[in-house]
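The following paragraphs walk through one chain. Please keep the sequence and the 3D view open while reading.

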Amino acid sequence: MQFAELSAPRIRALAPDTPIVFPIAAIEQHGPHLPVWTDSLITSKLMESVSERLKDQVLFAPLMWLGNSHHHLDFSGTLSSSPRNYLDLLCDLMENAISQGFRRIVFINGHGGNDVPAKQATFEIRQKYASRSDLLLLMTTYWGLGVEPWREDASIVQREMGHACEWETSMVLSIRPDLVGDYKELIPVDPGNPFRPGVRAWKTADRTAPGYIGVPDAASRSKGDLLLRLFSDALVSWLERVVHWDGQSWDG
Ligand SMILES: [Zn+2]
């Protein structure tokens, strides 16, 4: 179900345990070869396929295209909400849903910079409604659900998501090949991180001059088809757990 297509009375009449999903993405530079709409394009495509499969079990809000991308602002093509504003925005969305009677509220994220604010929003709202035992507040990032695409296609080089990388370039080749520029001569940029498992603050320009991180020259349309299928499958399985949660237990 699409939130934007329903009338207010139909939304009000939905069962309160119907999960409502807020897809969150971004508009930001994606190297010299991908459109700035990449994260929103991929997340929209995943939501399209997931919502078709879950039919009337889950309600999908429209994609929030403005994300937290301040770390990309050295490059053109980036529109961003600063981290604290973005956190407030996500908290507002979650509170809107609670005030309308929803109890299972989910962020599905398609952009790395939204990860921390989305987690923080779910925690802040949980503490704000500490007396409620019926709330299920969740977030996930679509590539964080344990998918290991290289097990199905051994030619997949990357073992994790980069930026404008093999994985994202492949998925845009699958969705909108007309928007993909020349990627076959791009020199790989290693993700690096000598301070792991600690966390070092960074901005994109610290890590990459051309704006991508990973191995975009290894991309292909068939890899994109596979990645989209695997990520869709993982999201459907995870959302089915949200639908079937018993409403009581922590382990669910
Ligand atoms: Zn991206």
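**Helices, a loop and a crossing**

Start with helix α4, residues 115-128, in this predicted model. Its 14 residues reach 20 Å from the first C-alpha to the last, close to the 20 Å expected at 1.5 Å a residue. Which residues of α4 are buried? They are P117, A118, A121, T122 and I125. Viewed down the axis of α4, these buried residues fall within an arc of 135°, so they line one face of the helix. The spacing fits a general rule: an α-helix has 3.6 residues a turn, so residues three or four places apart point the same way. On the other side of α4, F123 and Q127 are exposed. The buried residues of α4 pack against two strands given here by their ranges, β1 (20-24) and β3 (104-109), and also against β4 (136-141) and helix α3 (83-99).

Helix α3 can be read in the same manner. With 17 residues at 1.5 Å each, α3 should span 24 Å, and its end C-alpha atoms are 24 Å apart, which agrees. Buried in α3 are Y86, L87, L90, M94 and A97. Seen down the axis of α3, the buried residues fall within an arc of 105°, so they line one face of the helix. R84, D92 and S99 are exposed on the other side of α3. What do the buried residues of α3 pack against? Their partners are β1, β3, β4 and α4.

After α3 comes G101, whose phi is positive, near 100°. F102 lies in the loop between α3 and β3. Is F102 buried or exposed? F102 has 22 other C-beta atoms within 10 Å, and a residue counts as buried if 20 or more lie within that distance, so F102 is buried. Leaving aside neighbours within four places in sequence, F102 is in contact with P16, I20 and A97. A97 is one of the buried residues of α3, and I20 falls in the range of β1, 20-24. The C-alpha atoms of F102 and D225 are separated by 34 Å, and the two residues are 123 apart along the chain.

D225 leads to another pair of helices, since it is one of the α7 residues that meet α5. Helix α5 (residues 166-175) packs with helix α7 (residues 221-244) at an angle of about 95°, with their axes 7 Å apart. That makes α5 roughly perpendicular to α7. On the α5 side the residues are W167, S170, M171, L173 and S174; on the α7 side they are R221, K223, G224, D225, L227 and L228.

These parts can now be placed in the whole chain. The chain has seven helices and four strands, and from the N terminus on the elements run α-β-α-β-α-β-α-β-α-α-α. The radius of gyration of the chain is 18 Å, close to the 18 Å that the globule rule gives for 252 residues, so the chain is as compact as a globular protein of that length. Along its principal axes, the C-alpha trace spans about 55 × 35 × 35 Å. Buried residues make up 40% of the 252 residues. Among contacts between residues at least 6 apart in sequence, 77% join residues at least 24 apart.

Key. Residues numbered from 1 in each chain as written. Predicted model: local features only at pLDDT ≥ 70, side-chain atom pairs only at ≥ 80, totals over all residues. Rg over C-alpha atoms; globule rule 2.2 N^0.38 Å. Buried ≥ 20, exposed ≤ 12 C-beta atoms within 10 Å, placed from the backbone. Contact = placed C-beta atoms within 7 Å. Expected span 1.5 Å × (residues − 1). Arc of directions from axis to C-beta. Axes fitted to C-alpha atoms, helices over the stretch in contact; angles between N-to-C directions. Parallel < 35°, antiparallel > 145°, perpendicular 65-115°, else oblique.
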